[in-house]
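Biologist: Please take me closely through one part of this model and then place it in its wider setting. I would like the cut-offs spelled out as you go.

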Amino acid sequence: MLDNTLPLLSQGYAWLPDLSRRRGPGAVRTRLLGKPAIALRGPAAVGFFYDEDHVRRRTALPEPVLATLFGKGAVHTLDGAEHRQRKALFVTVLKDTEGVAGLARHVAEEWERSCKEWADRPQVTLFDEVSVLITRAVCAWAGVPVPEHPDDEARRTAQDLVAMVDGFATAGPRHWKARRARQRQEARLARLIEDLRSTGGEASDGTGEPPSVVAAVAFHRDADGELLDPRTAAVELLNILRPTVAVTWFTVFGAHALHRHPALRKRLAAQDEGYARAFAHEVRRFYPFAPFVAGLAPADIEWHGEPIAEGSMVLLDLYGQNHDPELWDAPYTFDPERFDGREPGRDELVPQGGGEASQGHRCPGEDVTLAVLSTLLPRLARLDYDVPEQDLRIPLNRVPTRPRSGFVITRVNEREEREKSVQR
């Protein structure tokens, strides 16, 4: 069987769904990175994939992904008791309702501040500016200092966090930019962790309030009872900051959806929290982010009669499942109504993985993603702006993808200001 690594790199998101269509229903066998691989999809496959008896993560992630996206020694590389103990840190920080609400409030404040700045500019590239405002918000929420003046510091941090996501799935200049960005931010945050520990600070200040996010990471003890070394602590702190800033991709996809479907703007702009959440779910389902997740078979196993040899790669087709006609009516139609009044099944909608977040490998930041999107998308729908002629195509051969132009807007709030002037 021919190795499909090069076709994957050239076709991106389309590679695995196209392979599945050509091979027919059921599991798809192929080779990647010189290893035999089998690709699965569907809710039952999600349960199979996230069972540690079937798929392991340790040594499964290639070094280029660790050196850019996740970081070496990250929670994503652990299994069993080690994984559960490290994962508890993220679950505690990211699943706390008030903590998530606090982050959403920071995001809302930064949005309002940014919109005032945008009104004075001839044009704004939404991708770049949203990444900066989310960076400001998540750093303030987490207790990570980013000097407000000069503002370039927040922008440089945002650029680094974006680069880590943007360069993990390519072998070109984007990849090397991502490596350098991670090295800079790991070194900076490791110094922050060391400084916090050296001051004799505790994970709690004695007031009964939960510790800051940076303190929770700094004073987390692993399964062996030891504090994380400063570099690994920096890696895990970045695994809170980076995925939050990655919500930039979904926010700009939301802008793209509103541009393509302007009739949806009025209801999203209204104070309808349920519809805002439904819209956020549909953005995450419809638009591409992660094409698949992968692990290794720890022993000879079997999936619905299909033998899987020890050491084989097991792929869970996220993009294919989110567009599977057996799961979704009209899967290539953007329709938030499909989630209006209902939450998707745990293993049905899987843009950020499946399974149980508290124990398994599902992203514990999914609630953060939904909270940030439910905060930003209605405000985006209420914002007055023009969309000039530009290249808004979303190439499926680029991972992660986004509108080519970054989504440029002009004349921000001009109509609103004119209306206020007339009223005065």
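Modeller: I will begin with helix 2, whose buried residues (buried meaning under 20% relative accessible area, exposed over 50% and partly exposed in between, with a 1.4 Å probe and protein chains only) pack against helix 1 (5-11), strand 1 (28-32), strand 2 (35-40), strand 7 (313-316) and helix 15. Packing rests on contact, that is, heavy atoms within 4.5 Å, while helices (H or I, at least four residues) and strands (E, at least two) are DSSP runs numbered from the N terminus. This is a predicted model, in which local features need pLDDT of at least 70 and side-chain atom pairs count only at pLDDT 80 or more, although totals for chains, interfaces and linings use all residues. Residues are numbered from 1 along each chain as its sequence is written, and side-chain values use heavy atoms, with hydrogens and water left out.

Helix 2 itself covers residues 15-23, and its buried members are W15, L16, P17, L19 and S20. Just beyond the end of helix 2 comes G24, with a positive phi of about 95 degrees.

As for confidence, pLDDT (the predictor's confidence in each residue, from 0 to 100) averages 90 over the chain, and 91% of the residues score at least 70. The stretch 203-208 stays under 50, and there the model has 5 contacts beyond four places in sequence. Where pLDDT is low, the predicted coordinates should not be read in detail.

Turning to the interior, a nonpolar core is a set of buried Ala, Val, Leu, Ile, Met, Phe, Trp, Tyr and Cys residues joined through side-chain atoms within 4.5 Å. The largest such core holds 88 residues, and W118, W141 and F279 have the most contacts inside it. Helix 7 (residues 126-142) gives the most to this core, contributing 10 residues. A second core, separate from that one, has 16 residues, among them V46, F49, Y50 and L316. F279 touches G254, A257, L258, L264, L268, F334, P336 and L377, leaving aside residues up to four places away in sequence.

F279 also belongs to a cluster linked by ring pairs, together with F253, Y275, F286, Y287 and F334. Rings of Phe, Tyr and Trp (its six-membered ring) pair if their centres lie within 6.5 Å, and planes under 30 degrees apart count as stacked, over 60 as edge-to-face and the rest as tilted. A search of the whole structure finds 15 aromatic pairs. In one of them, the ring centres of W249 and F289 are 6.1 Å apart and the planes stand at 70 degrees, so this pair is edge-to-face. Because W249 lies in helix 12 (residues 247-260) and F289 in the loop between helix 14 (273-286) and strand 4 (293-296), the pair ties together parts that are 40 residues apart in sequence. W249 counts as buried, at 1% relative accessibility. W328 and F339 also pair edge-to-face, because their ring centres are 5.7 Å apart and their planes stand at 65 degrees. W328 and F339 both sit in the loop between helix 15 (318-321) and helix 16, 11 residues apart, and both are buried.

That loop also holds A330, whose phi is near 45 degrees, a positive value in a residue other than glycine. With a relative accessible area of 45%, A330 is partly exposed.

Helix 16 (residues 366-382) follows, and 13 of its 17 residues are buried. The expected span of a helix is 1.5 Å times one less than its number of residues, which for helix 16 comes to 24 Å, and the end C-alpha atoms, 25 Å apart, agree with this. In the loop between helix 16 and strand 8 is P400, and the peptide bond from V399 to P400 is cis, with omega near -10 degrees.

Past strand 8 (408-410), the loop to helix 17 (414-423) contains N413, which is buried at 11% relative accessibility. N413 touches C115, A119, L383 and D384, not counting residues up to four places away in sequence. C115 is itself buried, at 5% relative accessibility. If a disulfide is a pair of cysteine sulfur atoms within 2.5 Å, the count comes to 0. C115 is accordingly in none, its nearest cysteine sulfur, that of C139, being 20 Å away.
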